[in-house]
Every structure is written in C-alpha cells, then in structure tokens.
Amino acid sequence: MGVLPFLIGWPVLIALIVPFLKSERARSVTVYVGAGGVMALAGALLVQWLLSGGVVMSFYEETELVDHLMLAGELVLMALIVFLSFKYRKYPVALLSVAQTAVLIWTEMAFPVEPASHMKVDGLAMLMTVIAAFVGSFICIYAVGYMKAYHHHHTEYKDRTGFFLSMLFLFFGAMFGLVLSGNLVWMYFFWEITSVVSFLLIGYTRTEEAVRNSFRALWMNLLGGLGFALAITVSAAALHTVQLEEVVQAGAPIPIALLALAGLTKSAQLPFSSWLLGAMVAPTPSSALLHSATMVKAGVYLLIRLSPAMAGTMGGTMVSLIGGFTFIACSMMAIAQNDGKKVLAFSTISNLGLIVACAGIGKEETIWAAVLLMVFHAVSKSMLFQAVGSIENILGSRDIEDMHGLLLRLPKLTYIMGIGIAGMYLAPFGMLISKWVALKAFVDAGDVLLVLFLAYGSATTMLYWTKWLAKLISIHHTKVEAKDITRKDQYLSMFLHSVCVVLLCLLFPLLERQVVTPIVLQIFGSAHEVLSMSVLTTMAVMLISVIFVPAMMFLVTRSARRVYVPIYMSGANKGDNTYFVNSFGEPEHLYLSNWYLRFEFGMRHLMRPSLIFSAGLLIVMLCLIVGGAV
Amino acid sequence: MGKLAKSPWLLHYDGSSCNGCDIEVLACLTPVYDIERFGIINTGDPFQADILLITGGINSQSESVVKQIYSQMPNPKVVVAVGICACTGGVFKTCYNIKGGVDTVIPVDVYVPGCAARPQAIIDGVVKALELLERKRADYAAQKKTAEGEGGTDSGTYQ
Amino acid sequence: MTQVLSVIGYLLLAPFAGGLLDGAGRIVSARMQGRKGPPLLQPFYDIWKLFTKQMFAVNSVQLLLNLSYLVFLAVAGCMLFAGADILMCLFILTTADMFLIMAASSDSSPYSTLGAGREMIQMMAYEPLTLLMAVGFYLATGSFHVGTIITSEYSAVLFLPGMLVGFFFITAIKLRKSPFDLSTSHHAHQEMVKGITTEMAGPTFAIMNVAEYYEMVLMLGLVAIFFINRNWWSWPIAIAACLFVYFLEILWDNVCCRVKWKTLLGSCWIATLLSGGLNLLILMLIR
C-alpha cells in the first residue's frame, strides 16, 4: 500500500507547481499529466487493494512527525483565515477558527490517546477515492478549456487560472486524505483544508458577492469544524480514543451528534444550505467539483460512516428528519428557479437530503440506497454542471428560458444534458431505484414522516427536471445562431461522463453485487439481499425498454410519410413557427415560458420558514441529545 | 355510411358574422338537437377536424386566417358555409372590407342559407357534407395508393 | 402461464375494453345531460377514422414520442397484469406520461406547451398518492407484488379505505375528467384549444387515444386490486367496484366545472395527505 502517500502527495505537488507556470500551454500539459497521474494512482491503489483481498486494512500507527506537521498546518490555516477575515472585516469567522484550533490543541495536550492506525482502506473509502479521482480529474481536464473561454467572456475579472487549477488539485489531496483517514484528528485536518480551499474557490472572482458568499461558506463550514473539534475532545476525554471506528462502535451520543452536525454543514443540509447556493458565483468547474464528487460528498461520507451508531437513536432521528425535510423543501424551491446552476444546486442539496435521511435511519437497506445514490449523483451532477457551464459560455446565459429549443442549436450538449437529467430522476436509472429502496426501508423503519417527505419530494423533483427537459427538446427554430465554442477537452470530459452514466445503469446488477453489497457488509458486518432477482429482471426490462423503445419508434416512424404544416396559432402563424400576426397586423415573436410557480414555491416564500423550522429542529434535538447524555 | 361519416368532427370558425348563426350552431349541441347522436364533436382544433364550418362573410383580416386554418386540416376535409353571409357575403357583400362569401377564399362544399340559418338546416347541411366527405375519403385513399405506387411523396419540410 | 395469458389479454383487449367503456361513458354522460348521445361503438369509429386521415406533423419527433408513450403505457399495464411490482409499474406510468409531455413540448406551440405545463402540474399532483398507495399495499399485504397482493386473505381495501378515496381523486386526473381535465379535455371549447393534443392530427392522435384506453384499463385494474383477494367471489366484486368508480368519475365530470391548477394541486395534495397519509399512519401504528 505504498501508493497511499503518493495519492495524497501527487495532487499537492501539482497544486504547488501549477501557479508558477506562466505559459498557458505548460499549464494545460501539467494539468493533464496531473489528472492522469491522479487517475493512475487511484487505479493502482484500487488494484493493490483488490489484489490483497478487498478487506479492511489499516496503516501508519507511528506518525509523530506527520502529526506535528499537521498541527503546524492547522496553525497555518488558522493564520490564513484570521488574516483574511481581518482583511475583509469578518471578525466572527476568525473567532470560530481560533476557537476550534485552540480546542484541538488543548485536546491533544490534555488527553493523550493510545497510538493507533491513522489510515484505513475499506470499500467505502475506496469507492469515494475512485469517484473523487475520476470525476474530479475529468473536471480538472474540463476546467483547462473552460477557464480560457471564461476569461474570454468575463474580462472584468483578473485571470488567476493558475491559482484556480492549483486549488482544484489541492482539493483532491484533501479529499483523498479525508476519506482514507481512520483517525479523527487526521480527518479533521483534511476536513479543514477542504473548507478553506472551497472558501478560496468560491471567492475566486473577488467581487463583492463572491467575497460575501465565500465567507458565508467559510463560517458555516467552520461551525461544522468546531463541532468536529469538540467531538474529538469529547471522545478523547470520555472514550480515550480518536479512532472513528471505535467512536462509532462505542455509540456515545454526544460525539456522534457533534460529528453529525459537521456532516450536515458540509453536505449543505438545511439550515446550512445557503453556502452551497452562494457557491454558484464561482466558475463552473469549482461548482461541479463542490457539488458532485468532493466537498458535499465528504459530508455524507462522514454521515454514512456514523450511520451504524445513529440507527434508532435520537441523533439518527435528527439527521434523518433534517435530511428528509431538506429533500422536500429544496426540491420545492428548485421549481421556482430559472437559473440553470441554481436548479442544479437545489437539486444537489435535495438529493443529498435523501442520502442524509438514509444515513440517519442507519439500516442496511438505507445505506445500500445511500451509497448508490451517492455514486449516481456524483457522476450525473458533475456532467450536468459541465454541460450547463459550456452552454453558458456559448449563450452568455445560464437562464433555462434561453435554452428553449437547444436541441436544434447545440445538439451535442443537449444530448449530454438529456442523459444527465434522465439519470437524475427517470425510471429506471439508478437514482430512481435507490429511491425505491429508500422508500421501502423508510416503511420498514416505520417512519411515516419520511415516507411522506419522499412521496411529495419525488413529485416536486419530477416537475423541475421535466420542465427543464421539455424546454431543451422543443423543436423551435430561432434566428439567433449559436456557435459551439466548447473545446475538445471539455467534450472529452463530458462524453466520458455520459458513457459512465449509461454504463452505471447497464451494469447496475454488477455494481450492486460487487461494490455496494460488500460496502454494506463491511459497515454492518452483515448484508442481506436488498433487491431480489425478480426486481433486477424487471429493471432490466425497464432499462431496455427505455433505451430501445424510442430508438425502435424512431426507426418505425422514420419512413412514415408526413406532411409538415405550421403549428397552430389560431390561424395567425406567419408561416415560420416563430412569428405570429398581432392585433396591429404586425409580426410578433413567439415567446414560450416555462412554469415557475414563484408565488407558491419561490425561495422568498419558502426559504425563511424552512430555515427557521430546520434550525429549530436541529437546536432542540441537539439540546435533547446533550441533555439526555449528561 | 363509412368510417368518416360516422365520426365527423367539426371546427367552427366565425368569419365576420353577427353571431346570429353562431348561436344557432351552438344550439345544435344542446339536448334539443344533440348532434353528438351522429358522432359529431365540435372540436376547436383544425388538426383534428374533418368539417370546417364557417359563419359570416370573409373580410381582409380573416382571409389569411381562414386559408391557414384550412391548410392545417388533414385530408379528407369539407367546408360548410353556414348562413347567407358565409354563402355570398349577404347584406354586407358591398361593404368596403368584405371580400364576399367563403368561396372567395377556399373551396366550399355545402352552402346552408338562412339569416340566421336554423339548427335543422345546419344539421341538414352537415349531414349532406358527410356524404361528400365519404366520397372524398374514397378519392383520397385511391390517390394515396397511386402515389405510393409511383413512389411519390407528399411530404415537405416546414420550419 | 396465467401471467402470460393475462398480459396477452391485456395487450389485445385493453383498447377494446377501454373503447367500450369510453362509448358507454359518453352515453351515460349524454343521458345525464338529457341527450341521447352517440352510439356505443362511437370511439371505434373515431379511431378508425383518425387512422385513415392524412398524416400531418409539425416536426419529425412528435410521432415517435407519441408512439413511445403508447408503448410505455402498455408496458406499465403489462407489469400490473403480469402481477409484477406495483411500484415499478407506477414508475413506468410516470415515464410514459413524460413521453407525452415531451411530445407536446417538442411542438413548441403556445397551446401544446401550456398543455404540457399543466400536465406536469397534474403529474405532480397525483404522484404522491400513487407512491403512498404502493406503500399502503406493502403494509397491508407485506409485498409490493401484485401477484401476492391479489392472493392475500383479505381484500386490501379493508386496510386502505383512505387510499381508495385518494385514488378516486387521481383517477379523475388520469382519465381527464372534469374538474381536473386541465391539460386537455374530451369536451369542446377548452380555453386552450386541445392543450397537449393540439398539434396531433390523424394517426398521431389515434395513437394517443389508444394509449388513453390502455391507461384507462390500467387505472381500473389498480382499483380492482384493492378488492381482489384469494376468494373467487372477490373478482365480480372488483369488477363491479371498477364500474362503480368509473360511473362516479362520469358523475363527477358532469357536476363539476374545471378548476384552476392551484385548486387542483392544493386539493389533490391535501386529499393525499388526509386520506393517504392518515391511512398510512394508522396502518403503521396497528402493524
């Protein structure tokens, strides 16, 4: 397992090199090499792990030097945050950062623990590594082309592409470290790095809005970090261990609840959702990275790790209620958005809500569903963000209204979007199956509230995806030409993503048997068949029908003789389907808008009550947990 | 009666009528006359209509509309002009804006005179149109057959 | 063997059963209005006529999407009649409806786009209850499998009276009956022409009609599994119940006027919560 340090070190190395490369060409080559290296290293680790049996493995017991380095790193991070917060006059943020670092240092001084393994490789960690490595590397490749077009478009922002790419790589290193750490202190260190790096990425453009949003992201994540630090203190003091696994086995309610709080902030659950929504100001690759494979997934990763300890406890109820509520509230708010990236952001939060709810229930089936949801969501969402980003670079807008009839203007990107959207909610793609299993598990757990959340939430989810898809495939000829300036490396990344989505669906049984079930087995020590063979057969029938029926119908109808006539506009069609004669006898352009139901589902109406409700729920539950334990 | 005659769906268009005939057309739908007995449905959509039923004369503004709606009705189809204005232009014939009856714009198959035309007369006219429709259907089928035999196609592109 | 027979029976007979039901419905509806109404076989005349008409289209994808809609509805129905998983069947039903929406929006015309939008709202309105209903069956009989549900000892309706009431609501949406026939209507003089079907002409529209018959039989089939149990006499009861529900839908169609989408969404969601949600809660408590 000698690959491990390289896996973390390689992206950090690339991150250190990239900003100093002045030539654009050298930078691109470095990024390609870096991304390739990350994928190769992750692949090597995977092969090594599989060859040694695919079991749980632990490493690095004696790491005093690294521990000291990490402590120094934490101090550096703290200094950076304090400096920036003073610079931008956001003093409370500095306080949060200082507080948690102080708590951690005090803990290490006051409660020394027995040395134990610091890194742990098991199925879940491996899965997260592979997702982060592959999805993330493609995003980096995409970013090279994207940033060129971005700065071509936005001349008002300073070109700091080198810094941007460097941060993306740093993020990888932190993410790998996070998922491969079995020790809470190490995990905390990487956790803080992801918080700070995401803060730097969000503030990339340095506009007023960007700075505001980046600090919002920072304080929310630092709040979670504080919870993390306190959890370490409590477990070191009371349980004399800082191993995640042992904490979970001990099932002590307070550290679990505090860690869950950290997970909730990281995965942007209500009431902490606003940081992820604000993260939209950054260039698209960073949104893609934050939303799909890394940042938010770190939150749900932690929650999944905690899930055995949460099953049937107050903490579990808290997490599952918050998750279920986030699922429905955010899917409702997504309806009222016409900004493509906002819809994606809300859908991310809402889908994560479902995963979080599954983790909170903490049964084998729900973890099964959660892991699958995570896989499908990472790939589909990363692809959707990239496609929207490319469309934005071409049209100069990411408004869904402007995507009317995109099928005729940008066919390739529309197909990619179509696959992504279908992957997000249509039968029989993975998300839906996972939802099906989650529903069954919620029923078995006897949680009527979650069943209702899921039932209503999937209805609202369906609406916002359907109307977007409907907008894309309108056959509408506009006079405005769109020139596809998407670069080859961008297409390469998106194409590989779409192949991946389709393959994941086609190889679903394999994925289920070979990947997900072993993970559940490792977490719970037991796993029973979640999907029976008959269900899998049904699914295969569905999958084949969804792919082949339209294709077959295409062949059937291709030869049908049709007479093409203009669309019906009460007889006032000018003949080209885009203009009609108005009451002055003049041609008027046809404009078709989607439904947004702003007065019913608008963010302005729903956000505040949702925040109050979820914050209240969180505070009351935390008080109950702490009070119950003390 | 054949297939079409058993299920004639009609589209009612008001050219520039005084609404007298329109009221009578609607009267046909009421329980007293109940044209649904014949399978007739008053659809609002040219794409699904077999009979175009026009009341009132055609003026310069409605001319293009009538032509377009007629072009959006799939074959076989018939046109029934209801009321004297639709037949010839009626008392408005010499008005500066009136072009005349419906037949000045599109071919008319059945003329139903009257001011306003009585429901009985309208139903009578529609039933007459059904016979014509059936004949046109036979013609259309034959035409389609020959066109297929010659490998011709009647499709075009529309954008 | 019975599975194959029932699937083949569904595929072959559903359009005829649906057409007959539709014809009978139109007569009943006319009688309620003091009219004589069309002949019983009128729907078949209509469909036959539509197939002989000229093939009009506004774009090249409409027809294929419409055909996909038909095929998916048939697949959904087959799953129900084969006794497969009811939740999967409902998911496919949703997918089928998606294709109809796509067919309508591909036209990019004002009326069909509005219709498609309303159809989406309708889907959002009925979807929660369909999921809850499936969960209800699972709780009542211990399985999502239709085959198991219909061979249980007691009829599911004994445990799920609320679900049946809620299902009555959403059947009105699916059968396009007033007050919930927003996206397209069987009646003339709709405020937006023919809604989603506005640009469907001749054979394309015929396909849509056939699909609706498949859907009608599917919906009534869902009503039937509320009643069927392992005893033979439950079958005639189920058929009678289906006919009764259908009659009630026609009655409702005639006494109510069309509502706005907000009323549709609100009433359906509240009905779902009150009848379905409460029913579910009670089931979970007594389990």
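**View 1. The largest nonpolar core of the predicted model.** The largest nonpolar core, a set of buried Ala, Val, Leu, Ile, Met, Phe, Trp, Tyr and Cys residues joined through C-beta atoms within 7 Å, has 354 residues, and those with the most contacts inside it are Val451(A), Ala76(C) and Ile92(C). A residue counts as buried if 20 or more other C-beta atoms, placed from the backbone, lie within 10 Å of its own. Helix H5 (residues 123-153) of chain A gives the most to this core, with 20 residues; helices are DSSP runs of H or I with at least four residues, and strands are runs of E with at least two, numbered from the N terminus. This is a predicted model in which local features need pLDDT of at least 70 and side-chain atom pairs count only at pLDDT 80 or more, while totals for chains, interfaces and linings use all residues. Residues are numbered from 1 along each chain as its sequence is written, and chains are lettered from A in the order in which they are written.

**View 2. Helices H5(A) and H12(A).** The axes of H5(A) and helix H12 (residues 284-293) of chain A, which are lines fitted to C-alpha atoms over the stretch in contact, come within 9 Å and cross at roughly 170 degrees. H5(A) is therefore roughly antiparallel to H12(A), a term for angles over 145 degrees. The contact, for which C-beta atoms must lie within 7 Å, includes Ile131(A) and Tyr146(A) of H5(A) and Pro285(A) and Leu289(A) of H12(A).

**View 3. Chain B beside chain C.** This contact takes 19 residues from chain B and 27 residues from chain C. On the side of chain B that touches chain C, H1(B) gives the most, with three residues.

How values were computed: A residue is buried if 20 or more other C-beta atoms lie within 10 Å of its own, exposed if 12 or fewer, and partly exposed in between; C-beta atoms are placed from the backbone. Axes are lines fitted to C-alpha atoms, for helices over the stretch in contact, and angles run from 0 to 180 degrees between N-to-C directions. Angles under 35 degrees count as roughly parallel, over 145 as roughly antiparallel, 65 to 115 as roughly perpendicular and the rest as oblique. Two residues are in contact if their C-beta atoms, placed from the backbone, lie within 7 Å.
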